[in-house]
Amino acid sequence: MSRTKFTKQQKWVVGSMSSGFMLENMDVMFVSFALSSMIADLHLSGGQAGFISSVTNLGMLAGGVIFGILADRIGRIKTFNYTVLLFAFGTAAMALANDIYLIYLLRFITGLGAGGEYGIAMALIAENFPKKQVGRIASVGAIGGQLGAMLAAVLAAIVLPGNHWHALFLFGLLPVVLTIFVRRHVAESPRFKQQQTKPKVSLKAMFNVGRTGYTTIALMIMAIVQIAGYFGMMNWLPTMMQQKLNLTVAGSSVWMIATITGMSVGMFVFGSILDKVGPRMAFGSFLIGSAVMVYGLTLANSMGTLLLAGALVGFFSNGMFGGYGAVISNLYPPEIRATANNVIINVGRAVGGFSPVVIGMLMETRSMTFIMVGLSAMYMISLLVMFTVPGLKAYSTEAS
């Protein structure tokens, strides 16, 4: 990609979308890092604390629908700025929250904004780059999310030792700066302006009986597996590894860094494969790799093998994330592109986001091997579903 010459518009699209993903994921990770302090400070039960993540995911689902429709009707750039401002101020307002119900409200508002961003970003990428580059560019945008997780970790390490969990959320105002740059430098694409002359498409068009309806359901199943695997492993695997190998918290943190690094590399490699040989080969190889490597974690017996397995699990399991946006943008008409991306991915978040709860319950009665076999089976189910999605074979032919 370093040899590819981008226009000024394309550079701003890549930069702003990557930054948007980075700042959104930073916000999500703030809750993860601050949760133990919030529990102690507000005397929360496990159920109350767990619902903070769930209500955020529900907000993302609602925001995905609302802002996806707005982006398809009134414009990508204007709506993108709305979503960023919403999750920025929702996050910053957590600095004033001392009641669990106010926290639920603010996290729902934050979710509304964060849930609208994915589909808009993917639509902008699809409409500003040639098809042969969309997979790689979408993956670059998704890598920004991993950088956000690292930024959140650094800020949490600085702020939280003083028990200032409220202050951590003030960094949520950083995305406001992004909207200023987007307003000044990113314009609607000619492709979007052209589609504005066409009749509007309603949300129900995604669920028409037949080819389109089946494609939507199949991609939702794949998205649920994607999100369930990611949240399940990122929430519980460090604890499992601590128990199995008697790791310290510092040791499990090193594992997390290795896994996130693997994710970032995997995203770029997946995007390149998608652009060169199409989604069947890209998703097929990564889903099989995910199934194998998730089970392979049960065989890790030293810190070295654990770090290698973690990096490979991250490479395969989350490398696919940006590819969903590229595929959805290709399979649905431009008039409903942002809506389709948001609805499919946020259904995945809303349903798959409950995987940490399920895994936590299973850990009380089942072995780590049983849980990992279950996760591996999920990836194989996603593989079978993927081969039935209408349009992917033709996509592969065009991409090759």
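Okay, let's start with a question: are Arg349 and Glu24 buried or exposed? Both of them are buried. Keep in mind throughout that this is a predicted model.

So what do those two residues do with each other? Their side chains meet in a salt bridge, 3.2 Å from N to O. And this is a link between distant parts of the chain: Arg349 sits in helix α14, Glu24 sits in helix α1, residues 8–42, and 325 residues separate the pair. As general background, side chains of opposite charge can pair when their charged atoms come close.

How many salt bridges does the structure hold? Six. I'll walk you through a couple of others.

Take Glu127 and Arg76. Here the side chains meet at 2.5 Å, N to O, again in a salt bridge. This one also ties together distant parts of the chain, with Glu127 in helix α4, residues 100–128, and Arg76 in helix α3, residues 76–92, 51 residues apart. Both Glu127 and Arg76 are buried. And they aren't on their own: Asp72, Arg76, Glu127 and Arg337 are linked in a network of salt bridges.

Then there's Arg136 with Asp275, a salt bridge at 3.0 Å, N to O. Arg136 belongs to helix α5, residues 131–159, and Asp275 to helix α10, residues 249–277, so we have another link between distant parts of the chain, 139 residues apart. Is Asp275 buried or exposed? Its relative accessibility is 7%, and the cut-off for buried is under 20%, so Asp275 counts as buried.

Right, on to helix packing. Go back to α14, residues 337–352, and look at how it sits against α2, residues 46–74. The axes are 7 Å apart and the angle is about 175°. Anything over 145 counts as roughly antiparallel, so that's what we call α2 and α14. Who makes the contact? On the α2 side the list includes Asn57, Met60, Leu61, Phe67 and Asp72, and on the α14 side it includes Arg337, Asn342, Val343, Asn346 and Arg349. You'll recognise Asp72 and Arg337 from the salt-bridge network, and Arg349 from the pair with Glu24. By type, the residues of this contact come out as ten nonpolar, six polar and three charged.

Now for α5 again, this time with helix α13, residues 321–331. Their axes come within 7 Å and cross at roughly 140°, which makes α5 oblique to α13. What is the hand of the crossing of α5 and α13? Right-handed. From α5 we have Lys131, Val134, Gly135, Ala138, Ser139 and Ala142, and they meet Phe321, Gly322, Ala326 and Asn330 of α13. That contact divides into five nonpolar, four polar and one charged residue.

Two single residues before I sit down. Thr110 lies in helix α4. Its relative accessible area is 0%, so Thr110 is buried. Which residues is Thr110 in contact with, leaving aside its neighbours within four places in sequence? Asp27, Phe87, Gly90 and Thr91.

And finally Gly232, in helix α9, residues 211–245. Gly232 is buried too, with a relative accessible area of 2%. From Gly232 to Val277 you go 45 residues along the sequence and 30 Å through space, C-alpha to C-alpha.

That's my tour, thanks everyone.

Note on methods
Residues are numbered from 1 along each chain as its sequence is written. This is a predicted model: local features need pLDDT of at least 70, side-chain atom pairs count only at pLDDT 80 or more; totals for chains, interfaces and linings use all residues. Side-chain values use heavy atoms; hydrogens and water are left out. Axes are lines fitted to C-alpha atoms, for helices over the stretch in contact, and angles run from 0 to 180 degrees between N-to-C directions. Helices (H or I, at least four residues) and strands (E, at least two) are DSSP runs, numbered from the N terminus. Angles under 35 degrees count as roughly parallel, over 145 as roughly antiparallel, 65 to 115 as roughly perpendicular and the rest as oblique. Contact means heavy atoms within 4.5 Å. Ala, Val, Leu, Ile, Met, Phe, Trp, Tyr, Cys and Pro count as nonpolar, Asp, Glu, Lys and Arg as charged, and the others, Gly among them, as polar. A salt bridge is a side-chain nitrogen of Lys or Arg within 4 Å of a carboxyl oxygen of Asp or Glu. Buried means under 20% relative accessible area, exposed over 50%, partly exposed in between (1.4 Å probe, protein chains only). A crossing is left-handed if the near helix is turned anticlockwise from the far one by less than a right angle, and right-handed if clockwise.
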